[in-house]
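Reader: I would like a close look at one part of this model. Please take the aromatic rings and the cavities around them.

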Amino acid sequence: MLLYAIRYFIIAGVVPPLFVGGFIVAVAAAAVRLTANPEAAIDALTPVLLLQLFVAGSGFRIVARRGHFDLLLTSGAPRWQIALAHCLVSLGPGMASWVCIGLLELAASHGSLSASFAAGTCAAFVASSIFAWGAAVYSSRTAAAIGWLLVMTIPSVARFLSPLRLLGVTAGSLDTFAVIEVLWSAVLPLVVGVWCIVRGATPLEAAQ
Amino acid sequence: MSDVLVSARDLTARYGRREVFHGLTFDVCANQALGVIGPNGAGKTTLLRVIAGLLSPSEGELRVRDMSPRQAVSRMNVGYFAGDFTLPGSVRACDWGSLATGDAITPERRRIRTLSRGTRQLLGLRTVLSRPHLGLVLLDEPWEALDVDASRWLSRTLETKRDRGASVVLASHDPHDLAGVCDLYLFLVNRRGSLFKAHELSTAGPVTPAMLGNVLERLQVDATAPLRAAS
């Protein structure tokens with residue numbers, strides 16, 4: 001049923017083609033840049049991470065309240081699998097782009113550089129993607145995007161919350177507080193998001 | 001009583017403080033069709049979503065094959081469709097049609113938003129009803145926007161599903177849709193439910209739209225009687 005749920009969300013367009021196109025353009029631009037300068041991985045990853053923050057917050061509940069997921073929700077698929085599938089499909093394109101850029105960096109530097117897979121980069125991608133997904137389960141993509149814009153553009157907030165500051169940071173440079181912050185920001189929204197999908201009601205917008 | 005598939009006792013639904021319906025009690029057996037009739041906003045859609053396990057009742061109990069609706073949905077095949085507006089417009093019709101069984105039910109490659117309303121409705125119905133071995137069919141205003149051929153197909157399909165042991169629950173505001181199709185009729189008026197068996201409404205021949213219309217009108221008049229008396 002997990003595969004069915006994944007297929008359903010892909011067909012239902014949880015990640016619109018426009019965003020997938022955005023990732024393709026970002027990876028293509030990264031390929032050009034890394035070919036010329038293999039040390040530019042962090043610069044190449046920045047647009048992918050920014051795009052991922054908006055794409056991963058695909059929003060479950062508002063779309064479900066329009067009835068778009070009725071067929072899946074009444075298919076007998078366990079709700080936790082539906083939540084997992086929605087998370088995987090929402091995060092998939094961004095994660096795939098990140099891995100592609102990491103492989104391009106390794107290839108361009110003949111295996112000597114891997115800032116794309118440094119502990120900080122992994123934490124930034126995984127934690128912020130899951131955070132973005134979980135935070136948007138109860139809201140819309142637009143509301144989540146406004147939240148991210150505020151986080152990224154208010155310097156005093158960005159200094160503490162922007163995942164961009166973690167890109168390229170190695171495990172030895174990460175302080176304990178940053179690790180706890182990253183874990184907390186990933187696990188809590190994930191649990192809340194899954195809980196909302198598993199336990200939450202799905203009234204129809206038009207019937208309320 | 002073992003063939004009772006859907007059993008509601010004192011069912012109440014609320015959105016926040018607003019009560020949608022109150023104290024609904026009914027049973028639907030296998031091979032039976034229940035028609036839910038009521039004006040717009042009476043709670044027909046809400047009732048169907050409660051039976052489908054998408055909403056929890058605020059009070060009372062609803063059992064589907066002696067399980068909670070959510071459990072039942074995971075153990076039996078349920079077909080639920082709330083109308084063409086619930087289909088995502090950006091999806092291709094052929095892709096959507098393949099979601100129930102994996103097999104294409106239509107070669108149409110246009111996006112759903114570009115289809116006519118009746119075609120969208122038919123696509124949604126065909127997708128849901130193509131699920132094999134349906135034990136429970138829940139359709140909200142299913143005849144809405146369908147042409148004559150599609151309406152005939154729907155009526156025939158529902159009859160077949162019912163004859164094969166499924167329980168069918170149909171909601172509509174229009175008595176013409178449900179007349180002669182159902183074994184039971186639940187009228188939702190002013191947050192209350194009134195249940196009639198088909199033979200109680202018509203002792204000779206099938207139930208006609210006029211009969212359903214008369215009952216609906218009488219219940220609506222009864223519901224407003226205290227207000228009229230006060231004024």
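Are A:Phe60 and A:Phe69 buried or exposed?

Author: Both are buried: A:Phe60 is, and so is A:Phe69. Keep in mind that this is a predicted model.

Start with the rings. Over all chains, the whole structure holds 11 aromatic pairs. One of them joins A:Tyr8 and A:Phe9. The centres of these two rings are 6.0 Å apart, with 85 degrees between the planes, and the pair is edge-to-face. A:Tyr8 and A:Phe9 are both buried. A:Phe60 and A:Phe69 have ring centres 5.1 Å apart and planes at 40 degrees, so this pair is tilted. These four residues belong to one aromatic cluster, together with A:Tyr4 and B:Trp96. The cluster therefore draws on chain A and chain B.

Now the cavities. There are two of 30 Å³ or more. The largest has a volume of about 70 Å³. Cluster member B:Trp96 is part of its lining. Other lining residues include A:Asp70, A:Leu71, B:Tyr80 and B:Phe81. Three elements give two or more residues to this lining: α5 (70-73) of chain A, and β5 (77-81) and α4 (117-129) of chain B. By class, the lining has seven nonpolar, three polar and one charged residues.

The second largest cavity has a volume of about 60 Å³. Here A:Phe60 returns, as one of the lining residues. A:Arg61, A:Arg79 and A:Cys196 are also among them. This lining has four nonpolar, two polar and two charged residues.

Definitions and conventions
Residues numbered from 1 in each chain as written. Chains lettered and ligands numbered in written order. Predicted model: local features only at pLDDT ≥ 70, side-chain atom pairs only at ≥ 80, totals over all residues. Heavy atoms only, no water. Phe/Tyr/Trp six-rings, centres within 6.5 Å; stacked < 30°, edge-to-face > 60°. Buried < 20%, exposed > 50% of the residue type's maximum accessible area, 1.4 Å probe, protein only. 1 Å grid on protein atoms, 1.4 Å probe; cavity = no way out; pocket = protein on both sides within 12 Å on 5 of 7 lines; lining within 4 Å. Points joined across faces, edges and corners; volume = space filled by probe spheres on them. Helix = DSSP H or I, 4+ residues; strand = E, 2+ residues; numbered from the N terminus. Nonpolar A, V, L, I, M, F, W, Y, C, P; charged D, E, K, R; others polar.
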